[in-house]
Amino acid sequence: MSDTQVFRIWIKAPAEKIWQAITDPEWNQRYGYAAPQFFELKKGGRFHSTANQGMLDYAAANGFEMPEVILDGEVLEAEPPRRLVQTWRMLMDPTTGAEPFTTLTYEIEEAGAGVHRVTITHDTPGAPATAAMIKGNPEAGAEGGGGWAWVLSDLKSLLETGKVMTDA
């Protein structure tokens, strides 16, 4: 598996709205894994995500402990509403939590007619468990197996329709 994975989607929404959906916890807790993510949008700023109640309940029901902070990292670049580069580490799983920080880059580019191309590039050298997890498993069913492709698809659904993929 490559140390670099690239995921891309086109969204009919303004760049500012896409940026807000990625960086504002009021928005980013509404799609994907529904865990709020917090950014200090400056070089050296803190990034972290906290477990939502569903995650905590699932962990308790299945006999394992879920940390309060499930993702952490540092903002390396923030150029609203076009580019965000950060370090990223998944703490929910002991295997991924023991791996080195990876680098995650969001790019939001004009694609014409009110459409923007959103590209996520995730560099994972020395982090094979993280690389496997972010790739997702397309055979896993309705959730698309997770990973960045599923998160981007859910973001697109939310911004274009007002509903996430799992809404009835």
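# Note on the fold, the pocket and some backbone points

1. Pro81 sits in the loop that links strand 4 and strand 5. Strands (E, at least two residues) and helices (H or I, at least four) are DSSP runs, numbered from the N terminus. The peptide bond between Pro80 and Pro81 is cis, with omega about -10°. Most peptide bonds are trans, and most residues other than glycine have a negative phi.

2. This is a predicted model, with residues numbered from 1 along each chain as its sequence is written. Local features need pLDDT of at least 70 and side-chain atom pairs 80 or more, totals for chains, interfaces and linings use all residues, and side-chain values use heavy atoms without hydrogens or water.

3. Two alanines deserve a look at the backbone. Ala34 has a positive phi of about 60°. It lies in the loop between helix 2 (25–28) and strand 2 (37–39). Ala113 also has a positive phi, near 55°. Its place is the loop between strand 6 (102–112) and strand 7 (115–123).

4. How exposed is Ala113? Ala113 is exposed, at 68% relative accessible area. Ala34 is partly exposed, at 33%. The cut-offs are under 20% for buried and over 50% for exposed, with partly exposed in between (1.4 Å probe, protein chains only).

5. The sheet is open and has seven strands, in the order 1-7-6-5-4-3-2, with antiparallel pairing. Two strands pair if DSSP finds at least two bridges between them. Strand 1 (4–12) and strand 2 are the edges, each pairing on one side only. Neighbouring strands are turned by 25° against each other on average, direction ignored.

6. At one edge, strand 1 runs antiparallel to strand 7, and nine bridges join them. Thr4 has Asp123 of strand 7 as its bridge partner. In a regular strand, side chains alternate between the two faces of the sheet. The covered face of strand 1 holds Gln5, Phe7, Ile9 and Ile11. Its uncovered face holds Thr4, Val6, Arg8, Trp10 and Lys12.

7. At the other edge, strand 2 and strand 3 form a hairpin with six residues between them. In the turn, Gly44 has a positive phi of about 85°. Three bridges join these antiparallel strands. Phe39 has Phe47 of strand 3 as its bridge partner.

8. Why is strand 3 described as largely enclosed by the rest of the structure? Four of its five residues are buried. Strand 3 is joined to strand 4 by five bridges, and the two run antiparallel. Arg46 stands opposite Glu74 of strand 4.

9. His48 belongs to strand 3 (residues 46–50). It is buried, with a relative accessible area of 15%. Leaving out residues up to four places away in sequence, His48 touches Pro36, Gln37, Phe38, Val69, Leu71 and Asp72. Contact here means heavy atoms within 4.5 Å.

10. Two helices cross the sheet strands. Helix 1 (residues 15–23) lies across strand 1, strand 2, strand 4, strand 5, strand 6 and strand 7, and runs at about 160° to strand 6. Helix 5 lies across strand 1, strand 5, strand 6 and strand 7, at about 25° to strand 1. Axes are lines fitted to C-alpha atoms, for helices over the stretch in contact; angles run from 0 to 180 degrees between N-to-C directions.

11. The largest pocket holds about 480 Å³ of space. Of its 26 lining residues, Tyr33, Trp88, Met90, Met133 and Val151 are the closest to the centre. A pocket is an open set of points on a 1 Å grid over the protein atoms alone, where a 1.4 Å probe fits, with protein on both sides within 12 Å along at least five of seven lines; lining residues have an atom within 4 Å of a point. The volume is the space filled by probe spheres set on the points, which are joined across faces, edges and corners.

12. Which elements give two or more residues to that lining? They are strand 4 (69–79), strand 5 (83–90), helix 5 (128–135) and helix 6 (147–161). Helix 6 supplies the largest share, five residues.

13. The lining divides into 19 nonpolar residues, seven polar and no charged. Nonpolar means Ala, Val, Leu, Ile, Met, Phe, Trp, Tyr, Cys and Pro; charged means Asp, Glu, Lys and Arg; the others, Gly among them, count as polar.
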